[in-house]
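Please guide me through reading this structure, from its metal sites to its helices and strands.

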There are 2 protein chains.
Amino acid sequence: MQSVSEENYIKALYHLQDGETLVSTNDIAGKMNTKASSVTDMLKKLAEKSLIDYVPYKGSKLTQNGRSCAMQIIRKHRLWELFLVEKLNFSWDEVHEVAEQLEHIQSRKLIDEIDKLLNRPKYDPHGDPIPDETGTIIENTYNTLAELKTGDAAKLSAVTDSSAIFLQYLDRNKLEIGSVLNVVYREELDGSCTVSTEHGKLYLSQMVASKLLVIPNTSSESNT
Amino acid sequence: MQSVSEENYIKALYHLQDGETLVSTNDIAGKMNTKASSVTDMLKKLAEKSLIDYVPYKGSKLTQNGRSCAMQIIRKHRLWELFLVEKLNFSWDEVHEVAEQLEHIQSRKLIDEIDKLLNRPKYDPHGDPIPDETGTIIENTYNTLAELKTGDAAKLSAVTDSSAIFLQYLDRNKLEIGSVLNVVYREELDGSCTVSTEHGKLYLSQMVASKLLVIPNTSSESNT
DNA sequence: ATATATTTTTAGACAAGGCTAAAAAATGAT
DNA sequence: ATCATTTTTTAGCCTTGTCTAAAAATATAT
Ligand SMILES: [Mn+2]
Ligand SMILES: [Mn+2]
Ligand SMILES: [Mn+2]
Ligand SMILES: [Mn+2]
């Protein structure tokens, strides 16, 4: 059993990890709003428990064990987020903070029952995939909206920024998971794009477009 | 905002308090499975925050402030317990441990929505009253089954022992909140009693009978 | 009233998790 | 290859919450 703090480090490591490359101590400190020295201490402890492989001065990565631990925490986080939206009238910009607390509740039955209640959902309110009981997670290869060209169409499938301020911006512009986006014009100069949705035309900056993960519409793939 | 540990001390103090009398340091240590010296340290801290009145060598009691804080924690504990039973297929002997964790989650909206979902319930699965948002709690004056005499009838309304082992004993004997109990014979020697329910006759020891809170049936009050 | 027993507090220590400042290692630029 | 910069680790300190052992206060019994 891990402490709340240990769980948070494991989660951060998972989110920062990209393939087999080691995650730097500084990056972890950045993500967790702590100091590098605190991170070093914790890395030693996690290595001791064989949850991570830690190479001093080089970086660290999750072991098999650590990864499966991370998946359980992320599963809980995302199931709770969906539960809050589906059953307790939370909006998608309100759930993250509460889920940060709920993800640390220790009860196998509790999370299994939430999973059942929600009919074994595959995605959370932000489009992130929910690992199943065994820790298996769907790996989707999305495009960002910023990668599309004039004339392309796509379905908004996930967002990479779950901050309240960003999600509220999307709400104001009637963008939600599932929205169909047609790229009316893509400005190469600054990477911005004008899209049309069922609610009308929208101008989206490169900053916003790069945070929207989409599945390109194969039906309009002909116009290359 | 209080730490989880502070909240647990406040809760213990509430449960031990009886009227205006001071609660002894030793009693708190007993209830919390800690040592008296640890309790003394915490009492000083809680007094500093004016959550309790602490008189060294005499004991302590909750202030107005501390009491209202206790009510919020107990409200959360009991609402979560009922939620687990009503919505997530937990049995009444499984909920306490998980509720001990969930009661510390900080989110006003979360608990309000749970309350709404359950239709502003008045009692938890063990018959304990649930404080409302303002901290108001129903004060019932129950009798224990052990106080009744031969011929009395009563409705089981609450239990004072929520341990899994005790609740499972009640399950095995088909006793639940709401069960109607007729005292067929009360043995003065050892305080045990034989009761009949809709499922048949039962022999209950004084130890068990004293943990069952009942509302005597006024319709059979005539036989005094 | 005094001695004994019990309860409570104090003193000092420890583990977890954090911080700052200094030292050491790695990286990058000439 | 050497020097300067950045990253990481170490050393030492702090806070929270716990403990044990000793001291002080209170309660109890003669
Ligand atoms: Mn989240
Ligand atoms: Mn999410
Ligand atoms: Mn309980
Ligand atoms: Mn209860």
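The dialogue below takes up the metal sites, a helix pair and a sheet in turn.

Q: What should be known about the model and its numbering before reading it?

A: This is a predicted model, in which local features need pLDDT of at least 70 and side-chain atom pairs count only at pLDDT 80 or more, while totals for chains, interfaces and linings use all residues. Residues are numbered from 1 along each chain as its sequence is written, chains are lettered from A and ligands numbered from 1 in the order in which they are written, and side-chain values use heavy atoms, with hydrogens and water left out.

Q: Which protein donors hold the manganese ion (ligand 1)?

A: Donors are N, O and S atoms within 2.8 Å of the metal (3.2 Å for Na, K and Ca); water is not among the atoms, so sites may look incomplete. For the manganese ion (ligand 1), the protein donors are His77(A) through NE2, Glu81(A) through OE and His96(A) through ND1, at 2.0 to 2.1 Å. Their spacing along the chain reads H-x3-E-x14-H. His77(A) belongs to helix α4 (residues 64–87) of chain A and His96(A) to helix α5 (residues 95–102) of chain A, so the pair ties together parts 19 residues apart in sequence. Helices (H or I, at least four residues) and strands (E, at least two) are DSSP runs, numbered from the N terminus.

Q: Is His77(A) buried or exposed?

A: Buried means under 20% relative accessible area, exposed over 50%, and partly exposed in between (1.4 Å probe, protein chains only). His77(A), at 9%, counts as buried, whereas His96(A), at 33%, is partly exposed.

Q: Which residue coordinates both the manganese ion (ligand 1) and the manganese ion (ligand 2)?

A: Glu81(A) coordinates both, and the two ions are 3.5 Å apart. In chain B, Glu81(B) bridges the manganese ion (ligand 4) and the manganese ion (ligand 3), which lie 3.6 Å apart. The protein donors of ligand 4 are Glu81(B) (OE), Asp124(B) (OD) and His126(B) (ND1), at 2.2 to 2.4 Å. Asp124(B) is buried at 6% relative accessible area, and His126(B) is buried at 0%.

Q: At what angle do helix α1 (residues 4–16) of chain A and α4(A) pack?

A: Axes are lines fitted to C-alpha atoms, for helices over the stretch in contact, and angles run from 0 to 180 degrees between N-to-C directions. Here the angle is about 95°, with the axes 9 Å apart. Angles under 35 degrees count as roughly parallel, over 145 as roughly antiparallel, 65 to 115 as roughly perpendicular and the rest as oblique; α1(A) and α4(A) are therefore roughly perpendicular. The contact (heavy atoms within 4.5 Å) includes Ile10(A) and Tyr14(A) of α1(A) and Ala70(A) and Ile74(A) of α4(A).

Q: What is the strand order of the open sheet in chain A?

A: Strands of a sheet pair through backbone hydrogen bonds, either parallel or antiparallel. Two strands pair if DSSP finds at least two bridges between them. The six strands here have the order β3-β8-β4-β5-β6-β7, with antiparallel pairing. Strands β3 (143–144) and β7 (200–204) stand at the edges with a single partner each, so one side of each has no neighbour in the sheet.

Q: How many bridges join β5(A) and strand β6 (residues 193–197) of chain A?

A: Four bridges join them in the antiparallel sense. Val183(A) stands opposite Val195(A), and Arg186(A) has Cys193(A) as its bridge partner. Six residues lie between these strands in their hairpin, where Gly191(A) takes a positive phi near 75°.
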